[in-house]
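Trainee: Could we go through this structure together before I head back to the bench?
Mentor: Of course, let me bring it up.
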Amino acid sequence: MAAEPDGPLTVLGIETSCDETAAAVVRRHSGGAPEILAEELLSQIDEHRPYEGVVPEIAARAHLDRLDGLTGRAMAAADLGFGDLDGVAATAGPGLIGGVMVGATTGKAIAAAAGKPFLAINHLEGHALSARLTGPVAFPFLLLLVSGGHCQLLLVQGVGRYLRLGTTIDDAVGEAFDKVAKLLDLGYPGGPAVEAAAAHAQNPERFALPRPMRGRPGCDFSFSGLKTAVFHRLRAPDCQPAPDDAADMAAAFQEAVADVLVERTCNGLRMAKEREPGLRRLVVAGGVAANRRLRRALEDLCAREELDIFIPPQRYCTDNAAMIAWAGAERLALGLTSPLDFAPRPRWPLDQLDGPAESAGGATAR
Ligand code: KG4
Ligand code: ZN
């Protein structure tokens, strides 16, 4: 492992793993303080809206059309040329492979042309380290990652040192929000629509929904039964098509999700403390972390458990390139660069990363 660098490290980051095309330039000052120099993001929501979900081929083509221009704009906004960078980071998985290949190939090409190190970033690592981009969050911490593609609890012990404690056995939590929004005819993307509808509930307790996995050992999640319960409940004779139904059901669903996430996180905390007895930080990341009901429930949990809670601002909870550039800078500071023949991958569990050796304790504190 390389020694901590003396000077600042400036990294271009590229994110194309789903339906956001994004480029950002981030600087890691010596000592570890972050600075975001530029960030550009184009959402493809309008292209995918007619299909009520992300169409991989449309996403890949849109990334290809826009990434060059977006990267140029980010570099211009940072007032830098590629030669001024210390490294180029790109999401290399997991995600929709067409888009991942567009981003990773672009990142490699820039790195090769400018003679700079390339950093293949696991998208989940981007989310995992995003809290350190927006505030001083020391390792270790428990990470609740709640997005459209993932629902996991991880013990984060350092850069590249992740232990997955639990994951969903079926749908991701954001996916469940999106599917329930579809059932309730609330539009796409579903998470914000469900939250907005729930705010108008007349009676959030009208529909009794199950709490999947509650009381089970471990901290795995399950959401597909909850979505099916919503489906059946909406077809019950007492549920007449009326505006209140969608709002009441959205609130009932949101409550059920908050309950199971809190209960599972509590179990995850116990498991994490077996390895890190002094653990006292929870980080929540991923698009679903934008949900205010969920935030409140997790804040209450942390108050009870005497944990500090860190939730990045919403724009860094959802997909963005600053978190990829930052993960690249954190890796670069440890000398963890990637070869140019690094193969992009649709699946890439976070606990299969190359982190510094267990004894490298100095690398893990900030
Ligand atoms: O992290 P993200 O931007 O993309 C993935 O990597 O998946 O997460 C997107 C997910 C979508 O499923 C979206 O419906 C959900 O996050 N989401 C929300 C909210 N805002 C976004 N879910 C619940 N409440 C919200 N306010
Ligand atoms: Zn994501």
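Mentor: We can take the domains, then their interface, then the ligand and a salt bridge, keeping in mind that this is a predicted model.

Trainee: OK, so which domains is the protein chain divided into?
Mentor: Domain 1 is built from two stretches, 9–135 and 316–352, while domain 2 covers 141–313. Their C-alpha centres lie 27 Å apart, and the contact between them draws 26 residues from domain 1 and 25 residues from domain 2.

Trainee: How much area is buried between domain 1 and domain 2?
Mentor: The size of an interface is often given as the accessible area lost when the parts come together. Here the area buried between the two domains is about 2,100 Å², and carbon and sulfur atoms give 71% of that.

Trainee: And how many salt bridges or polar contacts go across?
Mentor: The rule finds zero salt bridges across the interface of domain 1 and domain 2, whereas it does find seven residue pairs in polar contact there, both residues of each pair being at pLDDT 80 or more.

Trainee: Which elements of domain 1 touch domain 2?
Mentor: Those giving two or more residues to that side are helix 1 (45–48), helix 4 (123–134), helix 10 (314–317) and helix 11 (322–333). Helix 4 gives the most, with nine residues.

Trainee: What about the residue types on that side?
Mentor: On the side of domain 1 that touches domain 2, the residues divide into 12 nonpolar, six polar and eight charged.

Trainee: Switching topic, what surrounds ligand 1?
Mentor: There are 19 residues around ligand 1, and the closest are Gly 148, Asp 178, Gly 191, Glu 195 and Gly 287.

Trainee: Which atoms of Gly 191 and Gly 287 come up against the ligand?
Mentor: For Gly 191, a backbone N or O atom lies 2.9 Å from an oxygen atom of ligand 1, and for Gly 287, a polar backbone atom is likewise 2.9 Å from an oxygen atom of the ligand. Asn 291 uses its side chain instead, with a polar atom 3.0 Å from a nitrogen atom of ligand 1.

Trainee: Back to salt bridges, how many does the structure hold?
Mentor: The structure holds 17 salt bridges. One of them joins Glu 125 and Arg 331, whose closest N and O atoms are 2.8 Å apart.

Trainee: Why single out that pair?
Mentor: Glu 125 lies in helix 4 and Arg 331 in helix 11, so the pair ties together parts that are 206 residues apart in sequence.

Terms used:
Residues are numbered from 1 along each chain as its sequence is written. Chains are lettered from A and ligands numbered from 1 in the order in which they are written. This is a predicted model: local features need pLDDT of at least 70, side-chain atom pairs count only at pLDDT 80 or more; totals for chains, interfaces and linings use all residues. Side-chain values use heavy atoms; hydrogens and water are left out. Domain bounds come from an automatic or database domain assignment. Contact means heavy atoms within 4.5 Å. Buried area is the accessible area (1.4 Å probe) that two parts lose on being put together, summed over both. A salt bridge is a side-chain nitrogen of Lys or Arg within 4 Å of a carboxyl oxygen of Asp or Glu. A polar contact is a pair of N or O atoms within 3.5 Å; within protein, one must be able to donate a hydrogen and the other to accept it, and residues adjacent in sequence count only if both atoms are side-chain atoms. Helices (H or I, at least four residues) and strands (E, at least two) are DSSP runs, numbered from the N terminus. Ala, Val, Leu, Ile, Met, Phe, Trp, Tyr, Cys and Pro count as nonpolar, Asp, Glu, Lys and Arg as charged, and the others, Gly among them, as polar. A residue is near a molecule or strand if one of its heavy atoms lies within 4 Å of it.
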